[in-house]
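Me: Hi! Could you walk me through this model? I'd like to start with how far to trust it.

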Amino acid sequence: MPEWSRLRRLACQCALLLACLLSGVVTVWSFDTDIVLSERMLAGAERKYGVEARQRLLAWRQLIGSARGRGEADKLRLVNDFFNTIPFVSDIDHWQREDYWATPAEMLASNGGDCEDFSIAKYFSLVALGVSVDKLRITYVKARDVNPVSQAHMVLTYYTTPGAEPLVLDNLIPEIKPASQRPDLTPVYSFNGDGLWLAKARGDGKAVKGGSGNISLWRDLVARIGKEFD
């Protein structure tokens, strides 16, 4: 997708979100954070994408099971490394849509995703591993490459405590780094299952009345969980 087109769409999303939030016509969206891979779901993924799809989903389930007793630093590293092995593919090439937020199961089964999909998959996996939702935010940023040209991008950020400098889990740079060591990223806004924040420098953002349920792509994604291959 052309960089300016993506940035323009991101700006429109921000403006629409703020208008809805400030108008008071929004509600917080909640969802079940458990990861369930039934045989019906595994069989559906295999029919659609082949036996490798089943294997990737089973590897995800094994990761979640084996990492439950680890410390949070290990959980972050294991989840980040696991999903960063999936190839990056644009929504247009992968889903034939301009913008599509895949569930973690869709991303793994289809063996591809873009920055939103990486961030979302890591978010749900860490929540399933017992990491508090309060510590996690899916964060929209402007990413500056070597040119430098800014492009819309999404990462997952992790806060050890409220107001702390976040760690950045990214598919562009596989090493988990503090936000201060990612000067190439400028935060715009962030959200999770409980709320939406306007970005504020490198630390905690300002909470905005409402919640992540007002992001239609997020709402649609949550509604598809568990029914991806029906």
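Reply: Happy to. Let's begin with pLDDT, the predictor's confidence in each residue, which runs from 0 to 100. This is a predicted model, in which local features need pLDDT of at least 70 and side-chain atom pairs count only at pLDDT 80 or more, while totals for chains, interfaces and linings use all residues. Residues are numbered from 1 along each chain as its sequence is written, and side-chain values use heavy atoms, with hydrogens and water left out.

Me: Which elements have the lowest and highest mean pLDDT?

Reply: Helix H1 (residues 3-23) has the lowest mean, 47, and helix H4 (residues 72-83) has the highest, 98. Helices here are DSSP runs of H or I with at least four residues, strands are runs of E with at least two, and both are numbered from the N terminus. Over residues 14-32 the pLDDT is below 50, and this stretch has 37 contacts in the model beyond near neighbours in sequence. A contact means heavy atoms within 4.5 Å.

Me: And what does the chain average?

Reply: The average pLDDT is 80, and 73% of the residues score at least 70. Residues 207-211 stay under 50, with 16 contacts beyond four places in sequence.

Me: How many helices and strands are there?

Reply: The chain has eight helices and seven strands. Of its 230 residues, 50% are buried; buried means under 20% relative accessible area, exposed over 50%, and partly exposed in between (1.4 Å probe, protein chains only).

Me: What about contacts between residues at least 6 apart in sequence?

Reply: Of those, 60% join residues at least 24 apart.

Me: Switching to packing: at what angle do H3 and H4 cross?

Reply: The axes of helix H3 (residues 51-67) and H4 cross at roughly 175° and come within 11 Å. That makes H3 roughly antiparallel to H4. Axes are lines fitted to C-alpha atoms, for helices over the stretch in contact, with angles from 0 to 180 degrees between N-to-C directions. Under 35 degrees counts as roughly parallel, over 145 as roughly antiparallel, 65 to 115 as roughly perpendicular and the rest as oblique.

Me: Which residues meet there?

Reply: From H3, Arg56, Ala59, Trp60, Leu63 and Ala67 meet Lys75, Leu78, Val79, Phe82 and Phe83 of H4.

Me: How does H2 pack on H3?

Reply: Helix H2 (residues 39-49) packs on H3 at about 140°, with the axes 6 Å apart, so the two are oblique to each other. The residues in contact include Leu42 and Tyr49 of H2 and Leu57 and Leu58 of H3.

Me: Is Leu58 buried or partly exposed?

Reply: Leu58 counts as partly exposed, at 29% relative accessibility. Its C-alpha atom is 8.4 Å from that of Leu42, 16 residues away along the chain.

Me: Last topic, backbone. Where is Gln96, and what is its phi?

Reply: Gln96 sits in the loop between helix H5 (91-95) and helix H6 (104-110). Its phi is positive, about 55°, although it is not a glycine. Most residues other than glycine have a negative phi. Gln96 is exposed, with a relative accessible area of 60%.

Me: And what is phi for Asn111?

Reply: Asn111 has a positive phi near 60° and lies in the loop between H6 and helix H7 (115-128). With a relative accessible area of 29%, Asn111 is partly exposed.
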